[in-house]
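Trainee: I am new to this structure and would like a close look at a single part of it. Please take one element and go through it in a connected way.

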Amino acid sequence: MRSSPLKILVHEYVTGGGWQGTDLPARLAAEALAMLMAVLKDFQSWGRAHITTTLDNRFDDVPL
């Protein structure tokens with residue numbers, strides 16, 4: 001029997017839009033983005049899940 005891939009939501013607070021109403025401190029944004037990308041890369045290399053993530057529009061230049 002073949003099962004469908006897992007469906008996983010990855011939400012990192014800062015990059016996912018949780019820091020609204022003020023500018024993002026550059027160091028915090030960089031660290032948050034690095035964490036998000038690391039988790040997404042790990043799931044991608046695993047290859048057994050369909051991943052959905054949230055992304056603040058201030059990160060619209062980030063390729064996912």
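Mentor: Helix α2 gives the largest share of the lining of the largest pocket, with four residues. This is a predicted model, and the pocket in question has a volume of about 150 Å³. Its lining is made up of Met-37, Leu-40, Lys-41, Gln-44, Ile-51, Thr-52, Thr-53, Pro-63 and Leu-64. Both α2 and β2 supply at least two residues each to that lining. Sorted by class, the lining has five nonpolar residues, three polar and one charged.

Now the helix itself. α2 covers residues 26–46, which is 21 residues. From its first C-alpha to its last it reaches 30 Å, close to the 30 Å expected at 1.5 Å a residue. Its buried residues are Ala-29, Ala-32, Leu-36 and Leu-40. Seen down the axis of α2, these buried residues fall within an arc of 75 degrees, so they line one face of the helix. The general background is that an α-helix has 3.6 residues a turn, so residues three or four places apart point the same way. The buried residues of α2 are covered by parts of the chain that include β1 (6–10), α1 (14–18) and β2 (49–53). Strand β2 is thus named twice here, since it is included in that cover and also supplies at least two residues of the pocket lining.

The other side of α2 has exposed residues: Arg-27, Glu-31, Lys-41, Asp-42 and Ser-45. Lys-41 is exposed and is also listed in the lining of the largest pocket. Leu-40, in contrast, is buried, and it too is listed in that lining.

Two further residues of the helix can be placed against other parts of the chain. Leu-33 is in α2. Apart from its neighbours within four places in sequence, Leu-33 is in contact with Thr-15, Phe-59 and Val-62. Its C-alpha atom is separated by 12 Å from that of Arg-58, which is 25 residues apart from Leu-33 along the chain. Val-39 is also found in α2. Val-39 counts as partly exposed because its relative accessibility is 35%, and partly exposed lies between under 20% for buried and over 50% for exposed. The C-alpha atoms of Val-39 and Glu-12 are separated by 9.6 Å, and the two residues are 27 residues apart along the chain.

Last comes the end of the helix. Just after α2, Gly-47 takes a positive phi of about 75 degrees.

Technical notes:
Residues numbered from 1 in each chain as written. Predicted model: local features only at pLDDT ≥ 70, side-chain atom pairs only at ≥ 80, totals over all residues. Heavy atoms only, no water. Expected span 1.5 Å × (residues − 1). Buried < 20%, exposed > 50% of the residue type's maximum accessible area, 1.4 Å probe, protein only. Arc of directions from axis to C-beta. Contact = heavy atoms within 4.5 Å. 1 Å grid on protein atoms, 1.4 Å probe; cavity = no way out; pocket = protein on both sides within 12 Å on 5 of 7 lines; lining within 4 Å. Points joined across faces, edges and corners; volume = space filled by probe spheres on them. Nonpolar A, V, L, I, M, F, W, Y, C, P; charged D, E, K, R; others polar.
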